[in-house]
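Here's a quick look at how one sheet and its helices fit together. Have the 3D view open as you read.

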Amino acid sequence: MTISHIALYAENLEQEKDFFETYFGGKAGNKYHNEKTGFTSYFISFDDGASLEIMHLPELKRCENKFPAIGYAHLAFHTGSKELVHSLTETLRADGFPVLSEPRTTSDGYYESCIADHEGNRIEITV
């Protein structure tokens with residue numbers, strides 16, 4: 001069995017789409033819009049076959065974003081090398097994204113950094 005996709009709601013759908021395309025090589029499909037409900041979404045595909053659905057519903061409001069909390073914790077993107085972890089982290093920092101944890105080897109053996117996107121979602125960048 002495999003996971004079909006991961007989904008997350010966004011306040012600014014276009015900004016989130018651009019983020020995943022620009023920094024993580026995602027390719028967005030056509031925008032879906034349900035005129036009756038106002039729901040909009042994109043499926044973003046990645047080279048390894050994974051996909052992410054980003055969704056927007058106008059009436060949804062942001063809850064207080066406390067971390068850690070039960071539920072979604074982070075998305076992790078595998079870069080393939082420590083050098084790419086460093087360079088992508090620096091690119092995101094230079095573009096104004098908060099670096100939540102610097103590149104490092106974690107106690108469970110992963111080499112990673114963690115940043116927050118425009119909406120505060122945690123994104124791990126790993127080897």
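In this predicted model, 4 strands make up an open sheet, and the order across it is β6-β9-β8-β7. The pairing is mixed. At the edges sit β6 (75-78) and β7 (99-105), each of which pairs on one side only. On average, neighbouring strands in this sheet are turned by 20 degrees against each other, direction ignored.

Now for the pair β8 and β9. Strand β8 covers residues 111-116 and strand β9 covers residues 122-126. The two run antiparallel to each other and pair over 5 bridges. If you want a spot to zoom in on, try E112, which stands opposite T126 in β9.

Two helices go with these strands. Helix α1 lies across its strands, while helix α2 packs on the sheet. Here's how they line up:

| Helix | Residues | Strands involved | Angle |
|---|---|---|---|
| α1 | 13-24 | β6, β8 and β9 | about 10 degrees to β9 |
| α2 | 82-94 | β7, β8 and β9 | about 15 degrees with β8 |

Staying with helix α2, let's pick out one residue: T89 has its place in this helix. Is T89 buried or exposed? T89 counts as buried because its relative accessibility is 0%, and the cut-off for buried is under 20%.

What does T89 touch, leaving aside residues up to four places away in sequence? The contacts are V99, P103, S113 and I125. Of these, V99 and P103 fall in the range of β7 (99-105), S113 lies within β8 (residues 111-116), and I125 belongs to β9 (residues 122-126).

Technical notes
Residues numbered from 1 in each chain as written. Predicted model: local features only at pLDDT ≥ 70, side-chain atom pairs only at ≥ 80, totals over all residues. Heavy atoms only, no water. Pairing = 2+ DSSP bridges. Axes fitted to C-alpha atoms, helices over the stretch in contact; angles between N-to-C directions. Contact = heavy atoms within 4.5 Å. Buried < 20%, exposed > 50% of the residue type's maximum accessible area, 1.4 Å probe, protein only.
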